[in-house]
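Notebook open, viewer loaded. I'm jotting down what I look up as I go.

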Amino acid sequence: MATMSKPQRTKPTSRSQRLVLLCIVIFACLLLLSSVISTGKLGLRYQQTLIDYFVRSPRGKREHTLSEKYLYWGNRIDCPGKNCETCAGLGHQESSLRCALEEAMFLNRTFVMPSGMCINPIHNKKGILNRSDNKTTEEGWVGSSCAMDSLYDIDLISEKIPVILDDSKTWHLVLATSMKLEERGIAHVYGVSRHRLTESHYSNLLIINRTASPLAWFVECKDRGNRSAVMLPYSFLPNMAAANLRDAAEKIKAELGDYDAIHVRRGDKLKTRKDRFGVERIQFPHLDRDTRPEFILHRIEKLIPPGRTLYIGSNERTPGFFSPLAVRYKLAYSSNFSEILDPIIKNNYQLFMVERLVMMGARTYFKTFREYETDLTLTDDPKKNKNWETPVYTMDERKEAAS
């Protein structure tokens with residue numbers, strides 16, 4: 001009986017091994033075939049390198065395959081003046097990044113994301129976080145840039161749009177492959193419409209280099225004002241914060257409990273200039289008035305009852321500026337949660353990512369400007385205004401204009 005049972009145990013094992021081997025062979029053939037189809041050439045030497053990499057290398061959370069094609073759009077986030085020193089804030093750079101991600105969605109390509117983001121020193125003063133000592137400071141965070149994956153969860157973004165970083169091993173291998181493919185490898189398509197890029201001449205390319213200038217992210221994104229043309233909502237990237245930033249936001253929300261929030265933009269918006277008659281003008285005529293504590297109280301009191309915890313996110317650096325709100329509410333700032341934030345926050349962009357998540361978790365949330373019709377706002381001034389108007393500081397606008 002014992003001798004007859006031995007072949008019964010080994011036979012199934014032998015069959016399963018053959019089945020596994022057959023599956024591996026079929027899978028390898030499919031990978032090679034997809035490569036031939038996507039590039040139009042066999043090129044065994046460098047294609048074998050890609051097969052070895054994708055089949056044998058350790059996989060991350062998201063798997064890449066040989067059938068993927070790539071959209072490259074420069075090595076930095078777009079900045080006015082084309083350098084970090086004059087770069088606008090996180091919101092501007094996120095708009096550029098969202099535009100490029102939408103292009104990758106439209107073309108059904110993997111997006112090659114810049115591995116770094118510029119930070120203008122103006123937007124990187126420590127005073128925004130360290131305001132609890134009631135003193136102003138000009139001390140800034142070290143560095144004029146930060147790693148992209150310190151702000152965003154690349155794997156989380158990839159669940160919607162496949163993304164790799166431009167300093168990754170995957171990208172370097174793909175780039176090397178494109179050089180050997182010659183005309184089938186890469187094309188520089190600065191100024192070509194997105195609809196033309198869907199034509200076969202472009203669709204078969206391994207890499208599309210979207211712009212000749214690595215800083216021209218907005219070149220093909222000319223319809224941002226048309227909401228029906230926007231593929232990604234403005235809330236997409238704020239919700240894609242890096243895992244440690246999301247974790248910090250959850251801890252802060254847990255400590256706040258049931259709370260409300262306001263976001264007050266002042267420092268970067270209260271810029272005035274004199275017209276030819278010497279009259280001060282500003283693009284947001286009511287903003288200075290509407291973001292002062294006495295007017296904020298008037299705006300929010302009907303929807304936020306007294307005694308509630310009010311979390312304030314703001315770039316206003318004047319010490320004690322929001323203290324008058326304490327007559328009605330329990331005030332909370334990011335600086336109240338230093339034990340949570342100090343170990344992880346290295347720049348104001350990371351802080352802003354956390355603050356947005358906290359504000360979005362509030363029961364009632366007042367923004368400074370309206371983005372959607374249902375938004376609650378502190379001012380009725382439009383978020384984008386090309387006109388320069390005389391500022392208004394009192395509730396009685398007619399009386400002030402007459403004086």
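Which residue in E11 stands opposite isoleucine 262? I looked it up, and the partner is isoleucine 312. A reminder to myself before going on: this is a predicted model.

**Entry 1, the whole chain.** I count 12 helices and 14 strands in the secondary structure of the protein. There are 403 residues, and 46% of them are buried. The exposed surface comes to about 21400 Å², with 54% of it supplied by carbon and sulfur atoms. I also checked how far along the sequence the contacts reach: of those between residues at least 6 apart, 72% join residues at least 24 apart.

**Entry 2, E11 and its partners.** Back to the strand I started with. E11 covers residues 309–314, and six of its six residues are buried. I sorted them by direction: Thr309, Tyr311 and Gly313 point one way, while Leu310, Ile312 and Ser314 point the other. That is the pattern I'd look for, as side chains in a regular strand alternate between the two faces of the sheet. Here both sets are buried.

On pairing, E8 and E11 run parallel and are joined by six bridges. E11 also runs parallel to E12, this time with three bridges. One bridge I noted there puts threonine 309 together with lysine 330 of E12.

**Entry 3, H7.** What does H7 pack against? I find its buried residues against strands E8, E11 and E12 and helices H10 and H11. The helix runs over residues 243–256 and spans 20 Å from first C-alpha to last, close to the 20 Å expected. Its buried residues are Leu245, Ala248, Ala249, Ile252 and Leu256. Looking down the axis of H7, I see these buried residues fall within an arc of 100°, so they line one face of the helix. The spacing makes sense to me, because an α-helix has 3.6 residues a turn and residues three or four places apart point the same way. Right after H7 comes glycine 257, with a positive phi near 75°.

**Entry 4, the cores.** I then pulled up the largest nonpolar core, which has 57 residues. Leu101, Phe111, Met113, Tyr152, Ile157 and Tyr311 have the most contacts inside it. Elements giving two or more residues to this core include H3, E2, H4, H7 and E8. H11 gives the largest share, seven residues.

Tyr311 deserved a click of its own. Leaving out neighbours within four places in sequence, I find tyrosine 311 in contact with residues including Leu256, Ile262, Ala332, Phe337 and Met359. Apart from the 57-residue core lies another one, of 15 residues, with Phe322, Leu325, Tyr333 and Leu378 among them.

**Entry 5, H3.** How many of the 18 residues of H3 are buried? I get 13, so the helix is largely enclosed by the rest of the structure. H3 reaches 26 Å from its first C-alpha to its last, close to the 26 Å expected. Asparagine 108 follows H3, and its phi is positive too, near 55°.

**Entry 6, a lysine to check.** Is lysine 269 buried or exposed? It counts as buried because its relative accessibility is 17%, and the cut-off is under 20%. I located lysine 269 in the loop between E8 and E9. Beyond residues up to four places away in sequence, lysine 269 touches Ile282, Phe284, Leu287, Phe369 and Lys383.

Notes. Residues are numbered from 1 along each chain as its sequence is written. This is a predicted model: local features need pLDDT of at least 70, side-chain atom pairs count only at pLDDT 80 or more; totals for chains, interfaces and linings use all residues. Side-chain values use heavy atoms; hydrogens and water are left out. Helices (H or I, at least four residues) and strands (E, at least two) are DSSP runs, numbered from the N terminus. Buried means under 20% relative accessible area, exposed over 50%, partly exposed in between (1.4 Å probe, protein chains only). Contact means heavy atoms within 4.5 Å. Accessible areas come from the Shrake-Rupley method with a 1.4 Å probe; for residues, only the protein chains shown count as cover. The expected span of a helix is 1.5 Å times one less than its number of residues. The arc is that of the directions from the helix axis to the C-beta atoms. Two strands pair if DSSP finds at least two bridges between them. A nonpolar core is a set of buried Ala, Val, Leu, Ile, Met, Phe, Trp, Tyr and Cys residues joined through side-chain atoms within 4.5 Å.
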